[in-house]
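Trainee: Could we go through the ligand site together? I'd like to know what stands behind each label.
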Amino acid sequence: MEERYLTFALGKGRLANTTLDLFEKLGITMTEMKDKSTRKLIFVNEELKLKFFLAKGPDVPTYVEYGAADIGVVGKDTIMEENRRVFEVLDLGFGKCRMCVCGPASAKELLQHHERIRVASKYPMIAKDYFYNKKHQTVDIIKLNGSVELGPIVGLSDVIVDIVETGSTLKENGLEVLEEICPLSARMIVNQVSMRMEYDRINKLIHDLKGVL
Ligand code: PRP
């Protein structure tokens, strides 16, 4: 029987490039995909029966849940925010950063006293889970789409829930980490049916990746 293609969804951008470098170490090359000028979205490796496509990060868990991709590589932040029915099988170790509650130093008190505050975030589900379920604090969550640090600066919110990598964005805007929610990094996720149907191939891939990480 002809082997079926194993399909990978990669979050566009830095994560995709690092993922391709990692796969290269296993002899899986996708040269065409690394060409920055290409507008192509899907790439096939006929020899290994693999397909790779690029998607917006938050859509990666969606493709994997519905089986349009067997495997996805995406940040833990996106996995938590999207909360899709997929298996998270491997921490790829790159793209390390932290999900944090940040704001001006003066907002520290508001967090300690469990006041009803405004929280701006690109990650409303993560923010809600953290404040409601972990801290048992009722807050108003305001969804933003980027440059979230503006929230406390322009008076939209008291604090933000956002990714902190080097901390320089916070520092340059007079904000700081007030509480740490969790560490983040790139993860490999797998469709629940694919995990059973393609167990040998996927398991070998996980094993090989562990060897080069
Ligand atoms: C992310 C994040 C912070 C910044 C953190 O934003 O939302 O703003 O990077 O990095 P740092 O701690 O190294 O400064 P991104 O650049 O993805 O853009 P966005 O603000 O549009 O989300």
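Trainee: What makes the pair between Ser 168 and an oxygen atom of the ligand a polar contact?

Mentor: A polar contact is a pair of N or O atoms within 3.5 Å. A polar side-chain atom of Ser 168 lies 3.5 Å from a ligand oxygen, so the pair meets that cut-off. Mind you, this is a predicted model, where local features need pLDDT of at least 70, side-chain atom pairs need 80 or more, and totals for chains, interfaces and linings use all residues. Side-chain values use heavy atoms, without hydrogens and water, and residues are numbered from 1 along each chain as its sequence is written.

Trainee: Which atoms of Ser 147 and Thr 169 pair with a ligand oxygen?

Mentor: For Ser 147, a backbone N or O atom, at 2.9 Å. For Thr 169, a side-chain N or O atom, at 2.4 Å. Taken alone, the ligand exposes 500 Å², and the protein buries 68% of that (Shrake-Rupley areas, 1.4 Å probe).

Trainee: Why does Lys 122 count as being around the ligand?

Mentor: To be near, a residue needs a heavy atom within 4 Å. Lys 122 is listed around the ligand, as are Gly 146 and Glu 149, so each has such an atom. Strand 9 (159-164) supplies the largest share, three residues, and helix 8 (168-172) gives at least two. Strands are DSSP E runs of at least two residues, helices H or I runs of at least four.

Trainee: How do you know that the ligand sits in a pocket?

Mentor: Sitting there takes more than half of its atoms within 2 Å of the pocket's grid points. The ligand's space is the largest pocket, with a volume of about 1000 Å³. A pocket is an open set on a 1 Å grid where a 1.4 Å probe fits, with protein on both sides within 12 Å along at least five of seven lines; lining residues have an atom within 4 Å of a point. Here 38 residues line the pocket, and helix 4 (76-82) gives the most, five.

Terms used:
Polar contact = N/O pair within 3.5 Å; in protein donor to acceptor, adjacent residues only side chain to side chain. Points joined across faces, edges and corners; volume = space filled by probe spheres on them.
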